[in-house]
Amino acid sequence: MGAIVGDDGARYLFAAPEVRGGGPLRARQRVEFAATEDRQARNIVLAAPVGRPTPRHQAGYFDLGRVIQRTFSAIGGNAAVFFGAAIVLVGAPSAMLAFGQSQLVSGTEDPGASLLLMGGGWVLNLVGMFLLQGMVVKAAVNGFNGAPTGFGDAFDAGVRMFLPLLGLGVVAGVAILFGYILLLVPGLILTVLWSVAAPAVVVEKRGVFESLQRSRDLTRGHRWSVFGLIVIYGVLSWLISILIGGVSIATGGALTGGSPNLWVNLLAGPVVSVLSGVVASAGAAALYYELRTAKEGAGPEVLASIFD
């Protein structure tokens with residue numbers, strides 16, 4: 001256990017594991033760290049010596065455009081892994097759910113079977129969503145570090161991180177939902193604050209509440225940019241839904257007053273689920289990576305060293 005005197009004159013306690021990539025600290029060394037509300041120093045890195053130029057990938061420089069570029073480069077570089085996993089883990093369960101709903105709405109003679117199909121699809125989709133999240137974050141961050149990830153390695157990470165991600169999803173989901181129900185704004189604030197909690201679980205293997213605090217620390221100072229990124233991804237998802245909805249209408253969907261096109265309806269939901277699941281998870285990984293490099297100067301070698 002040690003203590004750091006901050007520029008504000010306050011003392012911040014820290015444990016040795018919080019020092020990233022620099023070995024034991026010495027007296028009078030300058031460091032950068034994330035401070036918690038109870039004056040604990042987290043994720044401590046050595047500051048660049050005075051007079052040495054700080055590269056743009058080091059602490060202090062956040063680029064929203066680079067986050068978006070990394071998101072889609074990660075998807076492009078891991079398309080087979082991401083979309084193969086997404087189709088199996090969330091696409092197929094979404095199709096089950098949609099088929100059960102269609103059967104129920106059309107007045108099937110066995111509503112119990114339709115409800116069972118819907119319930120099974122919902123459970124499988126929930127499980128698949130968190131497995132996919134772990135897989136995408138693992139492969140994306142490895143890709144940012146220049147290390148390719150096969151389907152097996154990614155799936156192994158998804159399985160190992162499933163329970164922590166499920167716990168995080170339950171805790172954060174309930175709190176965010178409650179915030180939206182109350183007055184919308186609290187829900188938006190929590191969405192921004194906890195936007196990189198899932199990557200913190202997968203990459204740093206932190207617990208649920210520790211990951212929520214970690215995300216809060218990382219997003220501090222960049223929350224308007226994070227909010228803008230969430231809006232961009234939200235609009236993109238909305239446009240995809242509108243496009244697919246237009247196809248459904250054009251082929252005689254329910255909104256036109258004609259008979260519903262069952263196959264288009266069965267494909268629409270799964271396609272949106274697959275695309276949104278991949279983009280959201282890859283976007284969170286890219287955002288996490290950018291925040292770490294911007295706030296902590298944690299380059300690829302640091303992130304790679306703590307991943308496994």
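Here is a short chat about how some labels on this predicted model come about.

Me: What should I keep in mind about the numbering and the model?
Reply: Residues are numbered from 1 along each chain as its sequence is written. The model is predicted, with local features needing pLDDT of at least 70, side-chain atom pairs counting only at pLDDT 80 or more, and totals for chains, interfaces and linings using all residues, while side-chain values use heavy atoms and leave out hydrogens and water.

Me: Why is Ala 85 called buried?
Reply: Happy to show you. Its relative accessible area is 2%, and buried means under 20% (exposed is over 50%, partly exposed in between, with a 1.4 Å probe and protein chains only). Ala 85 is therefore buried. In the whole protein chain of 308 residues, 41% count as buried.

Me: Where does Ala 85 lie, and what does it touch?
Reply: Ala 85 lies in helix α2, residues 79-105; helices are DSSP runs of H or I with at least four residues, strands are runs of E with at least two, and both are numbered from the N terminus. Leaving out residues up to four places away in sequence, Ala 85 touches Ala 80, Val 90, Leu 132, Met 135 and Phe 151, where contact means heavy atoms within 4.5 Å.

Me: What makes β3 and β4 a pair?
Reply: Two strands pair if DSSP finds at least two bridges between them. Four bridges join β3 (residues 31-35) to β4 (residues 41-46), and the strands run antiparallel. One of the partnerships is Ala 34 with Arg 42 in β4. The two strands form a hairpin with five residues between them, and Arg 39 in the turn has a positive phi of about 60°.

Me: Why are α3 and α5 called roughly perpendicular?
Reply: Helix α3 (residues 111-144) and helix α5 (residues 162-183) pack at about 115°, with axes 9 Å apart. Axes are lines fitted to C-alpha atoms, for helices over the stretch in contact, and angles run from 0 to 180 degrees between N-to-C directions. Under 35 degrees is roughly parallel, over 145 roughly antiparallel, 65 to 115 roughly perpendicular and the rest oblique. The two helices are therefore roughly perpendicular.

Me: How do you know which label fits α3 and α7?
Reply: α3 and helix α7 (residues 197-204) pack at about 70°, with their axes 10 Å apart. That makes α3 roughly perpendicular to α7. Residues Gln 133, Gly 134, Val 137, Lys 138 and Val 141 of α3 meet Ala 198, Pro 199, Val 202 and Val 203 of α7.
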